[in-house]
Amino acid sequence: MTKIAVVVTVYNQESYIGKCLNSILQQSYREIEVIVVDDGSTDLSSEICDQYAEKDARVKVIHQLNQGITMARLSGVKKACADYVTFVDGDDWIDEQCYEDITALNAFGRVDLIAFGMNRYYADGEIHSEMCIYEVGIYDRHKIAAQIIPKLFWDTANNTYGLDPSLCTKIFQRKKLERHIERLCKLKIHYGEDIAVLYPLFLDCSSFAVTDRCYYYHRIRKNHDVAPYIMDNMYYGKLYSLYEYLLESFRKHKCGRQLIRQLDYFYMHSVRLGKIKYCDLVFEERYLFPFDRVPKGSRIVLYGAGQVGQTVYSQLRKLNFCEIVAWVDRDWAIYDNELIREVDQIRDMEYDQILIAIASGDIAAKAQESLVQMGVEPAKIIRYGQI
């Protein structure tokens with residue numbers, strides 16, 4: 001039986017690492033080695049990991065000074081003995097059938113890379129599943145060139161990734177993976193580490209397998225639309241370093257022209273995305289204020305400062321269609337905008353309607369529920385849907 005090495009990176013995740021390791025050790029497929037890399041934790045994570053190693057011989061723990069996730073992953077891969085390696089972040093977990101189902105594909109020994117889907121976990125009952133966009137099956141070099149490469153990195157039609165960049169939803173041939181992580185460590189790319197490993201590595205693969213299941217559970221700590229990396233003051237500098245790194249890799253490939261075009265579209269999208277930090281208009285072509293549901297001149301509270309909220313706010317400022325009594329967000333403190341306030345302040349306001357400007361139906365439903373619990377009349381709440 002093929003052994004799979006599972007590298008778990010941990011940094012101050014004492015509240016989550018138990019669930020993570022249990023999900024791996026309770027796999028129905030038993031031929032695994034678990035390499036836990038404690039990347040300089042200062043909480044109880046180190047002790048918890050050691051306790052698991054004492055109870056289960058399949059667990060090995062590496063303690064090291066904090067060096068970041070890429071170096072932590074490299075330490076784990078170098079320690080691995082198995083021919084195939086996968087990753088699980090210390091605050092996430094996996095389905096107990098994951099490795100057994102993937103083994104049933106008969107892909108081990110035949111392919112360099114296996115991909116499966118991800119479940120984004122916001123809360124119990126609030127999970128969004130994202131499967132691979134490619135058809136299930138095994139792809140050889142010719143099929144990769146014809147069916148995967150044209151939208152490997154960036155699907156320009158949908159303005160998003162083709163193959164999701166997360167390393168945690170992939171199983172890799174170990175030697176190829178180690179080589180590409182080592183290269184990344186030498187160049188010290190500090191943004192988009194998964195991207196910088198996955199796509200150059202993929203171009204080094206002669207075979208690829210895709211499943212139709214979502215086995216990985218990624219814990220979303222905050223329900224907002226703005227990722228922390230966008231709030232980083234070094235966002236644009238790091239983005240450009242990533243661009244240059246990928247450009248060098250893509251130029252050498254026979255499909256380089258296609259890949260560079262995808263890279264350029266990704267870069268243009270990412271540059272524009274950075275404006276979210278300043279609550280500037282970013283997705284005006286995708287979101288439109290619901291003029292048919294809100295009477296002109298209404299006093300509204302705008303709930304949501306993510307992509308939809310920013311676009312709606314900009315439209316209303318330009319058109320002077322309604323009076324914006326307040327702009328609120330559950331995570332108001334992360335925004336560099338003094339106009340955005342706490343949701344609780346709604347209690348002391350006078351308004352006609354509250355517009356929940358959130359694209360995700362599940363998250364919007366949670367917001368509506370919390371408003372009703374605060375005493376807001378349901379008739380005054382309008383939930384926005386993505387157009």
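This passage describes charged side chains and two unusual backbone angles in a predicted model.

Because the model is predicted, local features are reported only at pLDDT of at least 70 and side-chain atom pairs only at pLDDT 80 or more, while totals for chains, interfaces and linings use all residues. Residues are numbered from 1 along each chain as its sequence is written, and side-chain values use heavy atoms, with hydrogens and water left out.

We can begin with the salt bridges. Side chains of opposite charge can pair when their charged atoms come close. With a salt bridge taken as a side-chain nitrogen of Lys or Arg within 4 Å of a carboxyl oxygen of Asp or Glu, the structure holds 16 of them. In one of these, the side chains of lysine 78 and glutamate 182 meet with an N to O distance of 2.5 Å. Lysine 78 belongs to helix 3 (residues 69-79) and glutamate 182 to helix 6 (residues 174-187), so this pair ties together parts that are 104 residues apart in sequence. Here helices (H or I, at least four residues) and strands (E, at least two) are DSSP runs, numbered from the N terminus. Both partners are partly exposed, lysine 78 with a relative accessible area of 46% and glutamate 182 with 27%. On this scale, buried means under 20% relative accessible area, exposed over 50%, and partly exposed in between (1.4 Å probe, protein chains only).

Arginine 299 offers another case. Its side chain forms a salt bridge with aspartate 352, where the closest N and O atoms are 3.2 Å apart. This pair links distant parts of the chain, with arginine 299 in strand 11 and aspartate 352 in the loop between strand 13 and strand 14, 53 residues apart. Salt bridges that share partners also join Lys78, Arg174, Glu178 and Glu182 into one network. Arginine 299 meets glutamate 350 as well, in a salt bridge of 3.8 Å from N to O. Glutamate 350 sits in the loop between strand 13 (340-341) and strand 14 (353-356), 51 residues from arginine 299 in strand 11 (residues 299-303). Arginine 299 is partly exposed at 29% relative accessibility, as is aspartate 352 at 30%, whereas glutamate 350 is exposed at 63%.

Aspartate 39, in strand 2 (residues 32-39), presents a contrasting picture. This residue is buried yet has no salt bridge, and the nearest side chain of opposite charge, arginine 73, is 10 Å away. For this comparison Lys and Arg count as positive and Asp and Glu as negative, while His and the chain ends are not counted. A polar atom of the aspartate 39 side chain does lie 3.0 Å from the backbone nitrogen of glycine 68. Leaving aside residues up to four places away in sequence, aspartate 39 touches several residues (heavy atoms within 4.5 Å), among them Val10, Tyr11, Gln67, Gly68 and Ala72.

Two asparagines deserve a look for their backbone angles. Asparagine 12 has a positive phi of about 50° although it is not a glycine; this residue is found in the loop between strand 1 (4-10) and helix 1 (17-25) and is partly exposed, at 29%. Asparagine 106 also has a positive phi, near 60°. Its place is in the loop between helix 4 (98-103) and strand 6 (113-123), and asparagine 106 counts as exposed at 53% relative accessibility.

Technical notes. A polar contact is a pair of N or O atoms within 3.5 Å; within protein, one must be able to donate a hydrogen and the other to accept it, and residues adjacent in sequence count only if both atoms are side-chain atoms.
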